[in-house]
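Trainee: Before we begin, could you show me the structure, so that I can put my questions to you while looking at it?

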Amino acid sequence: MDQLTKIKELISPLLEKEGIVLYDVLWQQEGKSRILQIAIMRNDGSMDIDTCAEMSEKISELLDEKDMIASEYFLEVCSPGAERELRNKEQILDAVGKFVYVKLRNPKAGLDEVKGTLTAFENDVVYIDYMAKAVKKKIQIEMENISMIRLSVKI
């Protein structure tokens with residue numbers, strides 16, 4: 001089991017107890033600094049800076065107590081962001097009704113990307129309503145044709 005998996009297993013019960021979802025754990029390198037980035041959110045997808053700070057303290061104590069990381073690092077507890085990538089079927093299902101951006105592997109209906117409202121996700125197919133030159137259109141995209149899907153801010 002790799003280090004990130006062990007960290008996820010260690011902090012998940014703490015976050016669940018606080019009603020917080022673990023979105024991701026990863027290492028970032030900035031210059032000579034190693035940063036352990038832990039992205040968290042509430043079940044509704046929201047997050048605030050006070051909760052991030054509170055969870056940072058609790059996670060830091062837990063990591064120090066277990067002494068799992070031998071080298072020096074910085075801990076960053078943050079929100080996954082308003083335009084977070086949807087990485088699994090559960091996250092895509094939770095995004096139904098929200099505005100998304102989808103990058104296609106192979107063009108479909110003359111499009112290699114689509115921004116619109118995710119109206120459904122069934123049988124590994126996403127259904128999106130989008131606008132093309134002031135005309136409302138619909139598209140169905142199979143999961144295997146999606147190179148990336150993320151939430152998008154509607155402007």
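Trainee: In which element is confidence lowest, and in which is it highest?

Mentor: Keep in mind that this is a predicted model, and that the mean pLDDT of the protein is 94, with 100% of its residues reaching 70 or more. Within that setting, the lowest confidence belongs to helix 3, at a mean of 92. The highest, at 97, is found in residues 146-151, which form strand 8.

Trainee: Which elements each supply at least two residues of the lining of the largest pocket?

Mentor: The largest pocket, with a volume of about 360 Å³, is lined by 18 residues, and V21, M41, E90, Q91 and D94 lie nearest its centre. By class, this lining holds 7 nonpolar, 4 polar and 7 charged residues. The elements that each supply at least two of them are strand 1 (20-30), strand 2 (33-42) and helix 3 (89-94).

Trainee: How many bridges pair strand 6 with strand 7?

Mentor: Strand 6 (residues 125-132) is joined on one hand to strand 5 (residues 111-122), running antiparallel to it through 5 bridges, and in this pairing T117 stands opposite D129. Strand 6 also pairs in the antiparallel sense with strand 7 (residues 135-142), where A132 stands opposite V135. The number of bridges between strand 6 and strand 7 is 8.

Trainee: Which residue takes a positive phi in the hairpin of strand 6 and strand 7?

Mentor: Look at the hairpin of strand 5 and strand 6 to begin with, where 2 residues sit between the strands and N123 takes a positive phi near 50 degrees. The hairpin of strand 6 and strand 7 has 2 residues between its strands, and the one with a positive phi near 50 degrees is K133.

Conventions. Residues are numbered from 1 along each chain as its sequence is written. This is a predicted model: local features need pLDDT of at least 70, side-chain atom pairs count only at pLDDT 80 or more; totals for chains, interfaces and linings use all residues. Side-chain values use heavy atoms; hydrogens and water are left out. On a 1 Å grid over the protein atoms alone, a cavity is a set of points where a 1.4 Å probe fits but cannot get out, and a pocket is an open set with protein on both sides within 12 Å along at least five of seven lines; lining residues have an atom within 4 Å of a point. Grid points are joined across faces, edges and corners, and a volume is the space filled by probe spheres set on the points. Helices (H or I, at least four residues) and strands (E, at least two) are DSSP runs, numbered from the N terminus. Ala, Val, Leu, Ile, Met, Phe, Trp, Tyr, Cys and Pro count as nonpolar, Asp, Glu, Lys and Arg as charged, and the others, Gly among them, as polar. pLDDT is the predictor's confidence in each residue, from 0 to 100. Two strands pair if DSSP finds at least two bridges between them.
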